[in-house]
Amino acid sequence: LEAHAERLYFYAEHLDNAPVDVMEQAKYALNTYDVGKLVKVSKAPASDSSEPWQVLVRWHGFSAAEDSYEPPGSLYQSVPHLITELLSRSSTPKGFKSYMATQYGLVEP
């Protein structure tokens with residue numbers, strides 16, 4: 001990150017009135033958060049055409065007030081073990097389990 005941002009800064013310093021500090025912007029843009037746990041599954045709003053289901057995520061180090069809904073496909077790519085655990089819960093909707101089996105080849109353990 002540091003070396004890449006330094007190269008960006010080299011180019012940005014040649015611009016008059018650069019709007020942001022490139023180092024700070026690069027650090028902010030590359031922030032990632034760790035998934036603490038998958039709280040529950042629900043149907044996605046009709047306006048969300050990416051996936052019909054969404055998963056409520058509790059982020060590691062954050063309170064429930066910071067929970068957010070995320071698409072299951074991206075969660076399966078980043079934390080497949082937590083998706084597998086979610087599929088094993090009796091409270092997980094059968095429709096979600098069918099969707100994950102069809103889309104990603106996952107079956108309830």
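**Exercise 1.** In which sense do strand S2 (residues 53-59) and S3 pair, and over how many bridges?

*Solution.* Keep in mind as you work that this is a predicted model. Start with the pair itself: S2 and S3 run in the antiparallel sense and are joined over three bridges. Next, pick out a facing pair of residues: Val 55 stands opposite Glu 70 in S3. Now step back to the whole sheet, which is open, has three strands and follows the order S1-S2-S3 with antiparallel pairing. S1 and strand S3 (68-70) are the edge strands, each pairing on one side only. On average, neighbouring strands of this sheet are turned by 35° against each other, direction ignored. Finally, add the helix: H4 (residues 80-88) packs on the sheet and touches S1 and S2, and the direction of H4 makes about 50° with that of S1.

**Exercise 2.** Place Ser 42: is Ser 42 buried or exposed?

*Solution.* First locate the residue: Ser 42 belongs to strand S1 (residues 35-43). Then check its relative accessible area, which is 19%. Buried means under 20%, so Ser 42 counts as buried. Last, look at its contacts: beyond neighbours within four places in sequence, Ser 42 touches Trp 53, Gln 54 and Tyr 69.

**Exercise 3.** Find the salt bridges and describe the partners: how many does a search of the whole structure give?

*Solution.* The search finds two. One joins the side chains of Asp 67 and Arg 58 at 2.7 Å, N to O. Here Asp 67 is buried at 18% relative accessibility, whereas Arg 58 is partly exposed at 24%. Another links Arg 89 with Glu 85 at 3.0 Å, N to O. In this pair Arg 89 is partly exposed at 21%, and Glu 85 is partly exposed at 36%.

Key. Residues numbered from 1 in each chain as written. Predicted model: local features only at pLDDT ≥ 70, side-chain atom pairs only at ≥ 80, totals over all residues. Heavy atoms only, no water. Helix = DSSP H or I, 4+ residues; strand = E, 2+ residues; numbered from the N terminus. Buried < 20%, exposed > 50% of the residue type's maximum accessible area, 1.4 Å probe, protein only. Contact = heavy atoms within 4.5 Å. Pairing = 2+ DSSP bridges. Axes fitted to C-alpha atoms, helices over the stretch in contact; angles between N-to-C directions. Salt bridge = Lys/Arg side-chain N within 4 Å of Asp/Glu carboxyl O.
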